[in-house]
Amino acid sequence: MSQSSTSVDTSRSVFETLVGTSCHFCDDGRLARDEYKGNDAVVCDACETPAVQSW
Ligand SMILES: [Zn+2]
C-alpha cells in the first residue's frame, strides 16, 4: 500500500518558507509564525510588521 499523502498545504508552505527570514522593514527582525488580527500570519519579531497572513 503506497500511501502518498504528501498533501502540501500551499498557504502553510508559504509561511514556512518565510519563517526565519530577515524582515524587510527593519534591520534586526526575523519573521516568525504568529497571529495577526486573529488570522495566521508571519510577523516580524522586532517591529511586528506582518509579512503574510491568510485570509
Ligand atoms: Zn521588522
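## Close-up views of a small sheet and its neighbours

**View 1. Ala32 counts as partly exposed because 19 C-beta neighbours lie inside 10 Å, and a residue needs 20 or more to be called buried.** Please keep in mind that this is a predicted model. Ala32 belongs to strand E1, which covers residues 31-36. Which residues touch Ala32 once its neighbours within four places in sequence are set aside? They are Val19, Val42, Val43 and Asp45. Val43 also stands opposite Ala32, in strand E2. Another distance to look for here joins the C-alpha atoms of Ala32 and Thr21: they are 8.4 Å apart, while eleven residues separate the two along the chain.

**View 2. Arg33, also found in strand E1, is the focus here.** Is Arg33 buried, exposed or partly exposed? It is partly exposed, because 14 other C-beta atoms are within 10 Å and the partly exposed class lies between 12 or fewer (exposed) and 20 or more (buried). Leaving out residues within four places in sequence, Arg33 makes contact with Phe15, Val19 and Val42. You can also trace the distance from Arg33 to Cys44: the two C-alpha atoms are 8.7 Å apart, and the residues are eleven apart in sequence.

**View 3. Strands E1 and E2 pair side by side in the antiparallel sense.** Strands of a sheet pair through backbone hydrogen bonds, and they can do so in a parallel or an antiparallel way. How many bridges link E1 with E2, residues 39-44? There are six bridges. Leu31 is found opposite Cys44 of E2. These two strands form a hairpin with two residues between them, and Lys37 in the turn has a positive phi of about 55 degrees.

**View 4. A second hairpin is formed by E2 and E3.** Five residues lie between these two strands, and in this turn Glu48 has a positive phi of about 60 degrees. E2 and E3 run antiparallel, joined by three bridges. To find one facing pair, look at Val43, which stands opposite Pro50 in E3.

**View 5. The three strands together make an open sheet in the order E1-E2-E3, with antiparallel pairing.** Which strands sit at the edges? They are E1 and E3 (50-53), and each of them pairs on one side only. From one strand to the next, the twist averages 30 degrees.

**View 6. Six residues form the largest nonpolar core.** Its members are Phe15, Leu31, Val42, Val43, Cys44 and Ala51. Which element gives the most to this core? E2 does, with three residues. Phe15 is worth a second look: apart from residues up to four places away in sequence, it touches Arg33, Asp40, Val42 and Val52.

**View 7. Stepping back, the chain holds one helix and three strands.** Starting at the N terminus, the elements follow the order α-β-β-β. What share of the 55 residues is buried? Buried residues account for 11% of them. Turning to the contacts with a separation of 6 or more, 16% involve residues that are 24 or more positions apart.

Note on methods
Residues numbered from 1 in each chain as written. Predicted model: local features only at pLDDT ≥ 70, side-chain atom pairs only at ≥ 80, totals over all residues. Helix = DSSP H or I, 4+ residues; strand = E, 2+ residues; numbered from the N terminus. Contact = placed C-beta atoms within 7 Å. Pairing = 2+ DSSP bridges. Axes fitted to C-alpha atoms, helices over the stretch in contact; angles between N-to-C directions. Core = buried A, V, L, I, M, F, W, Y, C linked by C-beta atoms within 7 Å.
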